[in-house]
Structures are given as C-alpha cells and as structure tokens.
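Please look at the chain below before reading on, and keep it in view while you read. The report moves from the whole chain to a group of strands and then to the packing around them.

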Amino acid sequence: MSDLLARLGLAVLLPQSELQHLIRSAPYRYKVYRIPKRAPGEFRTIAQPAREIKALQYWVMKNVLNKFAVHPSATAYRKHVSIAQNAKPHVRGRFLLKMDFKDFFPSLKANDLRTFLEKQGADFDLDEVSALCNILFWVPKAGFPELCLSIGAPSSPLLSNVLMVTFDRDIAELCSALNVKYTRYADDLSFSAAKSEDLQRVEHAVLSWCDQSTSPRLAVNQKKTVRVSKRESRRVTGLVLTNDRKVSLGRDLKRTIRATLHHFATGRLAPGDIQKLQGMLAYVNSVEPSFLRRLRKKFGSDVVRRCVEWKAPSAK
C-alpha cells in the first residue's frame with residue numbers, strides 16, 4: 001500500500017477501498033456556478049469541491065504542498081503577506097509595467113504538477129502522483145482531455161504559487177540584473193524601474209517565456225497590459241502609488257469609507273452594510289493604518305471600536 005495513501009486514509013478515517021474510489025471520482029465532485037466579471041457580458045466560472053474532497057485537499061496542502069518553496073516575488077495567498085506588500089516594492093519606480101495572465105487558474109493543468117514533481121525529484125510513485133492530480137484538479141466539462149486547476153478549491157491558490165516557482169525565479173533573476181522590481185499577485189504581474197527601456201526588455205522576456213514554455217503553458221492578456229509613469233496615476237492591485245513613495249487606498253475609497261462610517265455613527269447603516277464596513281476597516285488597517293488613526297480621531301475611537309466589535313443579532 002502506498003505510504004501517502006495510507007497516511008491520507010488514516011487522516012480522513014476511510015478504508016483504502018473507499019478512499020481510492022473517492023479519489024477516482026474527485027475531479028467530478030464539484031459544484032459549478034458563474035459570477036459576472038467587471039466587463040459586461042463576461043463571466044467567471046467558480047468550481048467548489050464537495051466537502052469530502054476539500055478534506056483531502058486540506059490534508060495535501062499541509063502534508064505535501066507546504067513542503068515546496070514559493071518564490072518571494074509571489075505575494076498572493078501567503079500568510080502574513082498583505083496586498084500592500086505587493087505594492088510597496090514599486091513606490092520608488094519612475095515607470096510601472098503591469099501585465100496579466102489570461103485564464104490563469106484554468107491554464108494550470110495536472111500535467112504541470114507531474115512535470116514539477118519530476119523536476120523536484122519528489123519521492124512519489126505513479127499511483128501517488130495520479131492520486132494527487134485527481135485530488136487537486138477538476139474536469140471542467142465532460143470529455144475534456146485535461147484536468148485543470150479550479151477557481152474555488154482551497155488548494156488552488158497555494159498550488160498555483162508552487163507551480164509558478166520556475167517562472168517567478170526566471171523573471172526575478174532577469175529583473176534583478178536590470179534593477180527592475182518584480183512582484184506577482186496571482187495573475188497580476190507588476191514591474192517598476194527607473195528606465196522605461198528596462199521595462200520594455202522585461203515585457204519582451206515575459207512574452208518570450210510564455211511562448212517557449214511547455215509547462216506551464218501561460219498566455220498574457222495583452223489587452224490588460226498597462227505602461228505608466230509618475231506623471232500618471234499608478235496603481236498596483238488596486239492600491240495607489242503616491243509620488244511621495246507611499247502606498248495609499250486612494251481618494252475615492254477613502255471618501256466611501258468615511259461616508260459609510262458616518263452612517264454607522266448616526267445609526268443609519270443596515271446590518272449587512274455594517275459587516276462590509278468591518279471588512280473595509282480591516283483592509284484599511286492592513287494597507288494604510290495611518291488613515292485608520294485619522295478615522296478614530298475624526299469619529300472617535302469608541303465609534304470605530306463599536307463598529308469593529310459589532311455582531312449581527314442572532315435569528316430567533
């Protein structure tokens with residue numbers, strides 16, 4: 001019996017026959033729905049694994065995926081790494097380049113995991129590798145030839161960072177040689193430099209890497225490529241890079257937060273909106289804590305504390 005499957009079976013309290021049946025059917029045990037994107041008429045497919053598959057994925061995350069290194073340039077989905085830390089390396093750059101991968105998660109296939117484990121010299125036999133692929137990837141539609149990474153599985157974010165380690169390393173090494181700053185937040189690539197021609201070289205290198213790579217096979221959505229300088233508004237993953245070398249939430253969001261907190265202070269905010277405000281305040285604290293201090297000064301520390309500690313009334 002495979003050591004990996006034996007340990008997994010003990011963890012989820014399943015005999016091997018039932019566990020192997022569950023693993024064989026895992027790529028098909030997903031609830032699928034679509035949510036609208038920002039662009040009119042476009043939708044994002046979300047595929048959430050069944051509870052029993054999630055249990056397998058969490059075990060694999062802890063006991064397999066966490067053993068592999070993630071490149072420091074990858075800032076998404078990591079403990080104690082905030083979205084602000086994805087933007088901060090770029091505050092000094094005069095020029096900013098932003099690129100975006102097309103269909104990022106679905107572009108990562110089960111074969112990419114096989115290739116990765118082989119290159120790493122991981123000590124898994126063929127049955128174990130096949131089991132890992134079935135647990136971590138899904139079948140998007142009947143007859144589809146390849147298992148893909150799903151948007152909605154708890155293991156997908158970590159696995160994407162693991163599978164992107166070669167890309168991150170190669171691009172980071174080039175950027176270091178050119179004195180270009182590089183960060184990647186999931187499918188969002190950000191580069192900053194003192195010279196625009198250095199960013200042109202990086203952009204060409206990213207496109208070339210994607211053209212030449214067989215695993216993973218990635219494509220840049222060139223419609224979303226952005227090239228700006230300090231003369232223009234510079235944003236990285238939604239955060240504003242100010243000309244005094246700081247990361248800011250931006251005026252519009254700050255205005256919205258102030259107005260919403262005022263409505264809370266005057267008792268005019270619905271319970272659902274209070275919960276949204278709690279999330280916004282937590283976001284403020286992680287990105288621009290100085291603005292949170294200003295909110296406390298304007299509205300009073302007690303108002304902010306009551307909002308943060310507010311709990312929805314239990315249903316009777």
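How far apart are the mean positions of the positive and negative charges of the chain? The mean positions of the 53 positive and 29 negative charges are 11 Å apart, where Lys and Arg count as positive, Asp and Glu count as negative, and His and the chain ends are not counted. The place of a charge is taken as NZ of Lys, CZ of Arg, CG of Asp or CD of Glu.

This is a predicted model, in which local features need pLDDT of at least 70 and side-chain atom pairs count only at pLDDT 80 or more, while totals for chains, interfaces and linings use all residues. Residues are numbered from 1 along each chain as its sequence is written, and side-chain values use heavy atoms, with hydrogens and water left out.

**The whole chain**

Along its principal axes, the C-alpha trace of the chain spans about 65 × 65 × 35 Å. The secondary structure comes to 14 helices and nine strands; helices (H or I, at least four residues) and strands (E, at least two) are DSSP runs, numbered from the N terminus. Of the 316 residues, 46% count as buried, a word that means under 20% relative accessible area with a 1.4 Å probe, protein chains only. Among contacts (heavy atoms within 4.5 Å) between residues at least 6 apart in sequence, 67% join residues at least 24 apart.

**Strands around S5**

Strand S5 covers residues 188-193, and because five of its six residues are buried, S5 is largely enclosed by the rest of the structure. Strand S3 (residues 95-100) likewise has five of six residues buried, so S3 is largely enclosed by the rest of the structure. The table lists pairings of these strands, two strands being paired if DSSP finds at least two bridges between them.

| Strands | Sense | Bridges |
|---|---|---|
| S3 and S5 | antiparallel | six bridges |
| S4 and S5 | antiparallel | five bridges |
| S3 and S6 | antiparallel | four bridges |

Between S3 and S5, methionine 99 stands opposite leucine 189, and leucine 97 has phenylalanine 191 as its bridge partner. On the pairing of S3 with S6, phenylalanine 95 stands opposite serine 229. Strand S4 (residues 181-185) forms a hairpin with S5, with two residues between them, and alanine 186 in the turn has a positive phi of about 60°. In this hairpin, lysine 181 of S4 has serine 192 in S5 as its bridge partner.

**Packing**

Phenylalanine 191 lies in S5 and is buried, with a relative accessible area of 0%. A nonpolar core is a set of buried Ala, Val, Leu, Ile, Met, Phe, Trp, Tyr and Cys residues joined through side-chain atoms within 4.5 Å. In the largest such core, which has 59 residues, Phe101, Leu113, Phe137, Phe167, Phe191 and Val206 touch the most other members. A second, separate core of 27 residues includes Val91, Val247, Phe264 and Leu292. In soluble globular proteins, nonpolar side chains tend to be buried together. Leaving out residues up to four places away in sequence, phenylalanine 167 touches Phe101, Tyr182, Leu189, Val206 and Trp209.

Is threonine 225 buried or exposed? Threonine 225 is buried, with a relative accessible area of 13%, and is found in the loop between helix H10 (196-212) and strand S6 (226-229). Again not counting residues up to four places away in sequence, threonine 225 touches Leu97, Lys98, Met99, Glu203 and Val220.

Terms used:
Buried < 20%, exposed > 50% of the residue type's maximum accessible area, 1.4 Å probe, protein only.
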